[in-house]
Amino acid sequence: MSGLLPTIDELAAAKNHVERAQWLLQTPPSTLFTYHLEIRAVLQSVGFTAGLTALAAEIAWLLAVRDRHGYTPVTFTMSRNIARSDLGVIAYGGSLGEVLQ
């Protein structure tokens, strides 16, 4: 074990982008926020651009100033949803996911 959380060790041990995308989709936002620098380093080291984009969108969504009704601005929500959709295609999209490995 590298001294990181076991879940981040799982990300580091992932064999391909499919497994990394699945990990990112299943990880709680609180973990992504708390350990975003460590996660970013792992994703950068393997060149997983879609994962880096999704992580950045998630962090921006979490940190966005809410409107007067307490909602996250739609631009942040849309960016997050698009990035998560891209991860979903990689993680579960069959042949497209295999191409992007």
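Where is the place of Leu25? Leu25 sits in helix 2, and the views below start from the whole chain and work towards that helix and its neighbours. This is a predicted model, with local features needing pLDDT of at least 70, side-chain atom pairs counting only at pLDDT 80 or more, and totals for chains, interfaces and linings using all residues. Residues are numbered from 1 along each chain as its sequence is written, and side-chain values use heavy atoms, with hydrogens and water left out.

**View 1. The overall fold.** The protein chain comes to seven helices and zero strands, so to speak a run of α-α-α-α-α-α-α from the N terminus on. Helices here are DSSP runs (H or I, at least four residues) and strands are E runs of at least two, numbered from the N terminus. Of the 101 residues, 34% count as buried. Buried means under 20% relative accessible area, exposed means over 50%, and partly exposed lies in between, using a 1.4 Å probe and protein chains only.

**View 2. Helix 2 and its surroundings.** Seven of the ten residues of helix 2 (residues 17-26) are buried, so the helix is largely enclosed by the rest of the structure. The buried set is His17, Val18, Arg20, Ala21, Trp23, Leu24 and Leu25. Leu25 has a relative accessible area of 19%, which puts it in the buried class. Leu25 and Leu55 are 30 residues apart in sequence, yet their C-alpha atoms lie 10.0 Å apart in space.

**View 3. The two ends of helix 2.** At the start of helix 2, a side-chain oxygen of Asn16 comes to within 3.1 Å of the backbone nitrogen of Val18. Past the other end, Thr27 is found in the loop between helix 2 and helix 3 (29-34). Thr27 has 11% relative accessibility and counts as buried. The side chain of Thr27 reaches back to the backbone oxygen of Trp23 at 2.6 Å.

**View 4. Helix 4 and the glycine after it.** In helix 4 (residues 36-45), the buried residues are Ile39, Val42 and Leu43. Looking down the axis of helix 4, these buried residues fall within an arc of 95°, so they line one face of the helix. The arc is taken over the directions from the helix axis to the C-beta atoms. As a reminder, an α-helix has 3.6 residues a turn, so residues three or four places apart point the same way. Turned away from the buried side of helix 4 are the exposed residues Leu37 and Ser45. Just after helix 4, Gly47 takes a positive phi of about 70°.

**View 5. Thr53 on helix 5.** Thr53 has its place in helix 5. With 45% relative accessibility, Thr53 counts as partly exposed. Thr53 and Arg40 are 13 residues apart in sequence and 9.7 Å apart in space, C-alpha to C-alpha.

**View 6. The loop between helix 5 and helix 6.** Thr72 is found in this loop. Its relative accessibility is 16%, so Thr72 counts as buried. The side chains of Thr72 and Arg66 are joined by a polar contact of 3.1 Å. A polar contact is a pair of N or O atoms within 3.5 Å; within protein, one must be able to donate a hydrogen and the other to accept it, and residues adjacent in sequence count only if both atoms are side-chain atoms.

**View 7. Helix 6 and its two faces.** Helix 6 has 19 residues and reaches 26 Å from its first C-alpha to its last, close to the 27 Å expected at 1.5 Å a residue. That expected span is 1.5 Å times one less than the number of residues. The buried residues of helix 6 are Arg80, Ala83, Leu87, Ile90 and Ala91. Down the axis of helix 6, they fall within an arc of 95°, so they line one face of the helix. The face turned away from that buried side carries the exposed residues Val74, Thr75, Ile82 and Tyr92.

**View 8. The cavity.** The count comes to one cavity of 30 Å³ or more, with a volume of about 50 Å³ for the largest. A cavity is a set of points on a 1 Å grid over the protein atoms alone where a 1.4 Å probe fits but cannot get out, and lining residues have an atom within 4 Å of a point. Grid points are joined across faces, edges and corners, and the volume is the space filled by probe spheres set on the points. Leu24, Leu32, Ala54, Leu55, Glu58, Arg84 and Leu87 line the largest cavity. Helix 5 gives the most to this lining, with three residues.

How values were computed
On a 1 Å grid over the protein atoms alone, a cavity is a set of points where a 1.4 Å probe fits but cannot get out, and a pocket is an open set with protein on both sides within 12 Å along at least five of seven lines; lining residues have an atom within 4 Å of a point.
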